[in-house]
Amino acid sequence: MPQPLEITVNPTCTARRWFVLIAMAFMSLIVCPSIASAQKPDAPGVGSNMITNFKGKLVSFKRGILVVTTDEGTQMNVALPDDIASFVFVAEAKPAFLQRGMFVRFSGSFNQAGMAQSPIRKVEIFQPVAGKLNGHQREAFVPGIYPVNRPKAGEPPPQVADVKVVGNIMGMDASGVMGVMIGKQPLQVPLAPDVRLELRFNNMSLAEEGDSVSVAGFYQAGDETNVKASRITITTSRVYGEATEGNSKSTRKRTRSSRKKTDDADTGNGENPDTAP
């Protein structure tokens, strides 16, 4: 028959083992609270994404990075947003700035014959962007007439509809009527005497050092001066097309030439600026 297994317990070894376990438990009471506090949501660790919003002045731009000095005096390196429409330069313009072939967009009420029911009070001037556009972005950049409220299935189209119009300028007469080409369809669009013209370029072609910059984005904890932007808006007090503007011709030349070059903003972004419409 097999002999029963004898188990010998060493009292000294057992006592030593219990002493070690008790000491480890005691040390955990001291160490664990500090670890827990370091992992609290209000005390993120290194590498955590932190949201930021700030305003400042443009210092320079190179290879997809804006250098901005905040209103508090901190210099920030800001990477362009992934969505080009979320990066926009905004400025005021005068009718003298308008030229044949420029891209414009505006909203208004039109009848089925394409006649505006009232003068247009605001026109945005923009430049095309490259890359894939979603439905909302297409209505901001691709020439066409887009109804604000689409009729339900089976309903006849309304006689007069509120629409968004995107097209190219054909010209403007002395009475303030602007010709716009929508694909192959021309429209005659009356502008209000106090029409507001606004440049909204999704690139840096007209931006200059000292322009105001508003940034929303995020950074990694411990590296707050390097920001990945989700939105960038650059504004300026310059008014393009003013009669008193001594360099109005050179400004127009820069605008035309910017269509032919690949802007650093597009190259740095990997696509093609907002809000953004």
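**An aromatic cluster and the strands around it**

Phe 103, Phe 126 and Phe 141 form one aromatic cluster. The coordinates are those of a predicted model. A search of the whole structure finds 3 aromatic pairs. In one of these, Phe 103 and Phe 126 are tilted, with 5.6 Å from centre to centre and 50° between the planes. This pair links distant parts of the chain, since Phe 103 belongs to strand S5 and Phe 126 to strand S6, 23 residues apart. Phe 103 also stands opposite Phe 126 in the pairing of the strands. Phe 126 has a relative accessible area of 2% and is therefore buried.

Arg 105 accompanies two rings of the cluster. The charged end of Arg 105 sits over the ring of Phe 126, at 4.5 Å from its centre. Arg 105 also lies over the face of Phe 141, where the distance to the ring centre is 5.2 Å.

The chain as a whole contains 4 helices and 12 strands. It has 277 residues, of which 37% count as buried. The accessible surface of the chain amounts to about 16700 Å², and 56% of this area belongs to carbon and sulfur atoms.

Strand S6, which spans residues 120-126, is largely enclosed by the rest of the structure, because 5 of its 7 residues are buried. S6 pairs with strand S5 (residues 103-111) through 3 bridges, and the two strands run antiparallel. S6 is also joined to strand S10 (residues 185-201), in this case by 5 bridges and in a parallel arrangement. Within the pairing of S6 and S10, Val 123 stands opposite Leu 197.

The loops that follow these strands were examined next. Val 129 lies in the loop between S6 and helix H2 (135-141). With a relative accessibility of 16%, Val 129 falls under the 20% limit and so counts as buried. Val 129 and Ile 84 are separated by 45 residues in sequence, while their C-alpha atoms are 7.9 Å apart in space.

Asn 202 is located in the loop between S10 and strand S11 (212-220). The relative accessible area of Asn 202 is 3%, so this residue is buried. A polar atom of the Asn 202 side chain lies 3.0 Å from the backbone oxygen of Phe 87.

In a regular strand, side chains alternate between the two faces of the sheet. Strand S7 (residues 144-147) shows such an alternation. Gly 144 and Tyr 146 point to one face and are buried, whereas Ile 145 and Pro 147 point to the other face and are not buried. S7 is connected to strand S8 (residues 160-172) by 4 bridges, and these strands run antiparallel. The bridge partner of Pro 147 in S8 is Val 163.

Taken together, S6 has an antiparallel partner in S5 and a parallel partner in S10. Phe 126 of S6 stands opposite Phe 103, forms a tilted aromatic pair with Phe 103, and has the charged end of Arg 105 over its ring.

How values were computed. Residues are numbered from 1 along each chain as its sequence is written. This is a predicted model: local features need pLDDT of at least 70, side-chain atom pairs count only at pLDDT 80 or more; totals for chains, interfaces and linings use all residues. Side-chain values use heavy atoms; hydrogens and water are left out. Buried means under 20% relative accessible area, exposed over 50%, partly exposed in between (1.4 Å probe, protein chains only). Two strands pair if DSSP finds at least two bridges between them. Accessible areas come from the Shrake-Rupley method with a 1.4 Å probe; for residues, only the protein chains shown count as cover. A polar contact is a pair of N or O atoms within 3.5 Å; within protein, one must be able to donate a hydrogen and the other to accept it, and residues adjacent in sequence count only if both atoms are side-chain atoms. Rings of Phe, Tyr and Trp (its six-membered ring) pair if their centres lie within 6.5 Å; planes under 30 degrees apart count as stacked, over 60 as edge-to-face and the rest as tilted. A charge sits over a ring if NZ of Lys or CZ of Arg is within 6 Å of the ring centre and within 35 degrees of the ring normal.
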